[in-house]
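Dear colleague,

I am passing on the structure we spoke about, with the sequence alongside. Could you look through it before reading my notes underneath?

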Amino acid sequence: MGIYLNPGNKGFQTILNGDYVDKTGLIDFVNRTINTPQKLTCFSRPRRFGKSFAAKMLCAYYDKSCDSRSLFEGLEISKKDSFDKYLNMYDVIYLDITWFISRSKNKGENVASDIQTAVIDELKGTFTDCVSGNETFLPDALMSVSHKAGNQFIFIIDEWDALFREAKDDEGLQKEYVQLLRGLFKGGTATDETIAAAYMTGILPIKKYGTESALTDFREFTMAAPDTLAPYVGFTEQEVLDLCDTNHLDFEEVKFWYDGYSFDNVGSIYSPNSVMQAIERNVIRNYWTSSETYESLAAYIGMDYKGLKKDIIRMLGGEAVRVKVSTFQNDMTSFKRKDDVLTLLIHLGYLSYDAVKQTVTIPNQEVADAFGDATDQEGWGEIGELIQESDDLLEATLCGDSDAVAEALEKVHAANSSILRYNNEATLSSVIMIAYYTARRIYKIIPEFPQGKGFADLVFLPRRGSDKPVMVVELKYDKDADTAIRQIHENRYDGDLKKYFGNLLLVGINYDKDAKGTNAKKHSCVIEKV
């Protein structure tokens, strides 16, 4: 066993010692690619989503220097036809690119040469008669081993894109690294003889130069298009349900905090690290900020691209916004428009992407907290302050202080008059959602809630364990708040809610868009306790 050549199965053994969620079905996918034209796979997803766990799992399965049968018995892969065929049958080369960067004095300087030197040294030690003493080019060393000994290799590369993140402005260093990868995986007879399969994982998709991928032979699976690998992006809903049942966690609260990524062929996907942290600590709360600081998000959403700030504010209000992901160059510097920034946030896990509608949303409360923190910076000014003041707004509403509520809503409108130009109830709803931003910690806010004879504009349902009343909010423009309250009664929006929840607050809000002078942008509010 070595560090890079055939690293063994200790890493996967350690993972199995915890609450392991079976993701060995990924092995069967890779097995079906071995020695086929589809043998090169790049699967990118955010931090905290189990990338390194998967890499160690694959190492343990393929590494011919160890016996891993007992580790996989009873797991999903053991039930697949391919299990025995490839178990511990290959020489594995495992590369953690962050490790090589950490050894460098200057953010990845000489990473390409360091990788080659380290792996070639181990090849010389194992295949003593196959690699010449002065060999410095890794692809040639591997071809020599394959030609003389007949061995094929499986490459497992973890954090493959770390150089593009750590040395994001050093294009020369990036190109040197890409040239090494091209040499290893360029295709043709040499690669066919040497490489049985390759699996790369990281955060970013493969770098583009213009419209072309830097590594054209790789099949890519990303947060924008995970396709058949969607179940392995994170935890599925059934997996989380099972974990909650076993560990006596409130599933609805776990869903509120950590759900929000959804793909057509699998449904909801949860952030694995956060779910496991909640289990280990027996506390459901924000674990995102322990591994991600808000400054990185603030830097991106603060970029001066037309329409970006408007879209962020709309998403803070719970809306989905359209995005074009195809122009993104898969790096952290080549931004030309707001869509490039939003696409990066998809890959970083800050936004959830709906491929059918081509829209993005803020996925869950953990990430919403990160956005809330990120707006507390220069450039966001009053909106950041208003989000912080939303606790006061909720308190005023619960106390029935309709004047204070109307005043707070006017302040939100004034702070965003150049961004949120609303002239109907639907867009007024976005402003209400922003104003009540922190209320989402204790309320589930549902727009267009089916109730009585129609749909209530907004219903605030208290989260489990809360003693707060249900709030039914009806919105009007160019009418009056009393009309909104009457509509709640006439359409019986409060009927079933009262029966199931008890105490209710009926909140009628009106915006007079055509008012002039001192009444310009005037909001009015009526609150009725039931």
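The notes below deal with two pockets, one after the other.

Please keep in mind throughout that this is a predicted model.

The largest pocket has a volume of about 950 Å³. Its lining is made up of 29 residues, and the closest to the pocket's centre are Phe256, Pro363, Lys444, Ile445 and Arg463. Two or more lining residues come from each of the helices α13 (251-258), α16 (308-316) and α18 (365-374), and likewise from each of the strands β14 (443-451) and β15 (454-462). Among these contributors, β14 gives the most, with five residues. As for the character of the lining of the largest pocket, 15 of its residues are nonpolar, five are polar and nine are charged.

The second largest pocket holds about 620 Å³ of space. Here 30 residues form the lining, and those nearest the centre of this pocket are Phe49, Gly50, Phe53, Phe235 and Pro272. The elements that supply two or more residues to the lining of the second largest pocket are α1 (10-16), α3 (51-62) and α14 (272-281), and the largest share, six residues, comes from α3. When the lining of the second largest pocket is divided by residue type, there are 14 nonpolar, seven polar and nine charged residues.

If you open the model to follow these notes, you could begin with Phe256 and Lys444, which are among the residues closest to the centre of the largest pocket, and then turn to Phe49 and Phe53, which are among those nearest the centre of the second largest pocket.

With best wishes

Note on methods
Residues numbered from 1 in each chain as written. Predicted model: local features only at pLDDT ≥ 70, side-chain atom pairs only at ≥ 80, totals over all residues. Heavy atoms only, no water. 1 Å grid on protein atoms, 1.4 Å probe; cavity = no way out; pocket = protein on both sides within 12 Å on 5 of 7 lines; lining within 4 Å. Points joined across faces, edges and corners; volume = space filled by probe spheres on them. Helix = DSSP H or I, 4+ residues; strand = E, 2+ residues; numbered from the N terminus. Nonpolar A, V, L, I, M, F, W, Y, C, P; charged D, E, K, R; others polar.
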